Amino acid sequence: MKGVVFTNFAELVEDNYGLAMWQNILDTANPPSGGIYVATAQYDDQELISLVGAASELLDMPAPVLIRRFGQFLWQYFEENYPQFITSHDNLFDFLISVDSVIHMEVNKLYPNASTPDFEYDRESPKQLLMHYRSPRKLCHLSVGLIEASANYYQTPIRIEHPVCMHEGSDHCEIRVTIADG
Ligand code: HEM
């Protein structure tokens, strides 16, 4: 994964729990890189998994909850650094559909060794979008956090269901986004 994912994860921890906690997490996870991350460099996916594992234990927070919070945090970074991908859409579903065919495609052009997931979409009804998530990194909860934050950005109240999950033995995840009434 790109260093930018790691620098944001460090920032999430430091902002909310302090630098000493981040140091503690690094000491526990003992990542091969030594914990110095450069935004554009590439690091082993396993490093993120072990940092999240250490953080989850030290903060006494289940990993899915922590990763989902991280997704919400990462959204702020995307909004500040890649606004063109967001402001070019005026509604949540058009934006979400563009993530696979436009946004991650551009990310992969820019950084040929980027690690983005695959999404397929079923527009089940005008108010319901089913997103099929596939990635060897199994960061479906990161998607949930990013989707929640993007719904907030588009001022669209939603409900999220996650009826099929790779963490429960499936080969992919299904994330259903429903626009809530009222
Ligand atoms: C709701 C919207 C989005 C969702 C659900 C989403 C989902 C994800 C997920 C789950 C990952 C982790 C990698 C994996 O699972 O394999 C990821 C990586 C990434 N995404 Fe997105 N994303 C969204 C929007 C964006 C936006 C707006 C940008 C801005 C350019 C972006 C750029 C990236 C980048 C740079 C990475 C890291 C690639 C790497 O480490 O090599 N994503 N995305």
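Start by selecting arginine 176 and showing what surrounds it: leaving aside neighbours within four places in sequence, arginine 176 is in contact with Glu124, Gln128, Leu129, Leu130, Arg159, Ile160, Glu161 and Pro163. Keep in mind as you click around that this is a predicted model. Arginine 176 is part of strand E4, which covers residues 173-179. Is arginine 176 buried or exposed? It has a relative accessible area of 18%, and under 20% counts as buried, so arginine 176 is buried. Now show the side chain of glutamate 124 as well: the side chains of arginine 176 and glutamate 124 make a polar contact at 2.7 Å.

**Next stop: the cysteines**

Select cysteine 140, cysteine 165 and cysteine 173. How many disulfides does the structure hold? The count is zero. Cysteine 165 is in no disulfide, and the nearest cysteine sulfur, which belongs to cysteine 140, sits 3.9 Å away. Cysteine 173 is in no disulfide either; its nearest cysteine sulfur is again that of cysteine 140, at 3.7 Å. A disulfide would need the two sulfur atoms within 2.5 Å, so the 3.7 Å from cysteine 173 to cysteine 140 doesn't qualify. Color these by accessibility if your viewer can do that: cysteine 165 is buried, at 6% relative accessible area, and cysteine 173 is buried too, at 0%.

**Over to the ligand**

Select the ligand and look for its iron atom. Which protein residue is the donor to the iron? His104 is the only one, through its NE2 atom at 2.2 Å. Follow the backbone from there and you'll see that histidine 104 belongs to helix H6, residues 92-110. There is another thing to spot at this residue: an N or O atom in the side chain of histidine 104 is 3.0 Å from a nitrogen atom of the ligand.

Now widen the selection to the ligand's surroundings. There are 26 residues around the ligand, and His104, Ser115, Tyr133, Ser135 and Arg137 come nearest. Two of these are worth a click for their polar atoms. On tyrosine 133, a polar side-chain atom lies 2.5 Å from a ligand oxygen. On arginine 137, an N or O atom of the side chain is 2.7 Å from an oxygen atom of the ligand.

**On to threonine 28**

Draw a line from the C-alpha of cysteine 140 to that of threonine 28: the two residues are 112 apart along the chain, and these atoms are separated by 24 Å. Threonine 28 lies in helix H2 and counts as partly exposed, at 45% relative accessibility. Zoom in on its side chain, where a polar atom lies 2.8 Å from the backbone oxygen of asparagine 24. Leaving aside neighbours within four places in sequence, threonine 28 is in contact with Ala54 and Leu58.

**Last stop: helix H3**

Select residues 45-58, which make up helix H3. The 14 residues should span 20 Å at 1.5 Å a residue, and the C-alpha atoms at the two ends are indeed 20 Å apart. Begin at the start of H3, where a side-chain oxygen of aspartate 44 comes within 2.9 Å of the backbone nitrogen of glutamine 46. Then walk along the helix: Glu47, Leu48, Leu51, Val52, Ala54, Ala55 and Ser56 are buried. What covers the buried residues of H3? The cover includes helix H1 (3-17), helix H2 (19-29) and helix H4 (63-81). Finish just past the end of H3 at aspartate 60, which takes a positive phi of about 55 degrees.

Note on methods:
Residues numbered from 1 in each chain as written. Predicted model: local features only at pLDDT ≥ 70, side-chain atom pairs only at ≥ 80, totals over all residues. Heavy atoms only, no water. Helix = DSSP H or I, 4+ residues; strand = E, 2+ residues; numbered from the N terminus. Expected span 1.5 Å × (residues − 1). Buried < 20%, exposed > 50% of the residue type's maximum accessible area, 1.4 Å probe, protein only. Contact = heavy atoms within 4.5 Å. Polar contact = N/O pair within 3.5 Å; in protein donor to acceptor, adjacent residues only side chain to side chain. Donors = N, O, S within 2.8 Å, 3.2 Å for Na, K, Ca; no water. Near = heavy atom within 4 Å.
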